[in-house]
Amino acid sequence: MPHALASDVSLPSFPFENGGYRFEFIVENIENPSYALIFTRYGQYEFFIQKRFRAKHQDYILKCEKLAHSVPTGIYKGAIRALSSYFQEHITHHNLHNDSLRQVLQSPYQKNVLDFLDFSTPFELEIGFGSGRHILQKAKNNPNKLFVGIEIHTPSIEQVLRQIELLGLKNLYILNFDARIFLELIPSNLIEVIYVHFPVPWGKKPHRRVWSERFVQESMRVLKQGGSLELRSDDEDYFVYAFEVCLKNPVAQLKVRKNLDDEVVSKYEQRWRKQEKNIYDLHLIALEHSAPKEQIPSFCFPPVQKLKRSFDTIPSKVIQKDFFLHIDSIFQHFNYCVLKLSFGDFNQPQSKFILISDERVGYISADPLPTKASYQAHQELLRLLQIKE
């Protein structure tokens with residue numbers, strides 16, 4: 001994580017600009033004034049730089065607030081450099097050297113989940129592609145088909161993006177995202193095949209498994225009629241669990257295989273075969289053409305004059321059957337108020353900032369992803385924030 005450490009931090013009066021960055025305002029945590037957020041704009045991006053005093057070390061740290069993960073590393077590194085120029089003599093350590101091209105420019109084959117909300121081109125999807133051997137080979141062998149790989153392990157993503165460039169592939173997109181939320185967001189009848197190869201079994205934490213009743217239901221919705229959800233695993237307990245989940249469907253067409261060769265063998269499968277482990281395949285076929293995806297209303301706010309500026313009487317947590325809302329932190333300075341939230345689904349939470357000022361009220365950077373749980377949490381937040389007339 002790019003950062004700078006300094007014995008003292010002195011900045012111009014807000015707002016100010018430097019190096020193409022505009023620093024709009026600063027807000028302080030109401031429970032810990034030594035923890036502050038600097039609202040920053042750069043081109044299309046808006047995000048927060050965290051300024052925090054570390055009592056143990058008697059110094060300040062400046063770094064990008066974690067919720068700005070969609071901002072390229074080089075952009076918020078440049079923002080910290082621009083701020084640091086005002087107190088250069090007090091810098092004790094930093095890792096803000098010149099950016100690599102990859103830190104500033106995002107690969108055209110790395111997509112954002114928002115790119116898929118109204119997507120219309122059919123594709124094959126691999127969830128948790130790891131080294132990428134399977135999906136890279138699929139894309140190479142089928143140049144007229146589109147493939148999408150979804151993964152949360154950053155080194156795996158970077159490795160596969162390099163391979164896409166080296167192989168000259170034009171038909172493979174990569175997404176750094178939670179597959180369970182992804183399926184809930186995309187249109188119905190869009191995907192031809194979903195591959196789940198050698199997922200982490202999570203034997204002691206089954207709630208973290210990608211495979212669940214809800215996951216199977218969403219898979220059947222997004223698959224084209226006749227498409228298949230395909231599990232390949234060396235873990236017999238996981239295979240049995242997945243099979244039982246599939247049988248909970250009122251109507252199901254299943255295909256089961258054991259120790260049969262696949263078109264592409266992953267490095268994990270090679271390892272398991274050397275250890276003479278069994279390899280299980282489970283294919284669930286989508287039998288119907290699904291109804292269109294239910295549309296989620298927009299995440300609107302009332303005029304700022306109708307919103308509270310004091311939050312003493314608002315509960316920090318609301319837990320309901322289908323969603324939760326947690327106000328993690330509140331930051332204020334004069335007429336600016338920023339709420340740091342986590343909300344939505346219990347197993348797939350979202351995190352966002354909300355800005356309330358005289359000029360603006362709304363989510364920072366972009367609205368939440370349009371899931372049912374996030375919209376329910378948004379409605380609850382409006383109920384808490386609005387002044388009763």
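Q: Two strands pair if DSSP finds at least two bridges between them; what makes β1 and β7 a pair?

A: This is a predicted model, in which local features need pLDDT of at least 70 and side-chain atom pairs count only at pLDDT 80 or more, while totals for chains, interfaces and linings use all residues. Residues are numbered from 1 along each chain as its sequence is written, and side-chain values use heavy atoms, with hydrogens and water left out. Strand β1 (residues 3-6) is joined to strand β7 (residues 91-94) by three bridges in the antiparallel sense, so the pair satisfies the criterion of at least two. One of the residues involved is L5, whose bridge partner in β7 is H93. Strand β1 also runs antiparallel to β6 (residues 59-64), with four bridges between them, and there A4 stands opposite L62.

Q: What makes H3, A4, L5 and A6 of β1 buried, and which way do they point?

A: Buried means under 20% relative accessible area, with exposed over 50% and partly exposed in between (1.4 Å probe, protein chains only), and all four residues are classed as buried. H3 and L5 point one way from the strand, whereas A4 and A6 point the other way. In a regular strand the side chains alternate between the two faces of the sheet.

Q: Why are β8 and β14 called edge strands?

A: Strands are DSSP runs of E with at least two residues, and helices are runs of H or I with at least four, both numbered from the N terminus. The open, mixed sheet has eight strands in the order β8-β11-β10-β9-β12-β13-β15-β14. Because β8 (110-111) and β14 (253-258) each have a single partner strand, one side of each is left without a neighbour in the sheet. Inside that order, β9 (residues 123-127) and β12 (residues 191-197) are parallel partners over five bridges, and E126 is bridged to Y195 of β12.

Q: How do you know that α9 is largely enclosed by the rest of the structure?

A: Of the 14 residues of α9, 10 are buried, so the helix is largely enclosed; among them are Y375, H378, E380 and L385. These buried residues pack against β16 (317-319), β17 (324-333), β18 (336-344), β19 (349-356) and β20 (361-363), where contact means heavy atoms within 4.5 Å.

Q: How does the span of α9 compare with the expected one?

A: The expected span is 1.5 Å times one less than the number of residues. Helix α9 (residues 372-385) reaches 20 Å from its first C-alpha to its last, close to the expected 20 Å.
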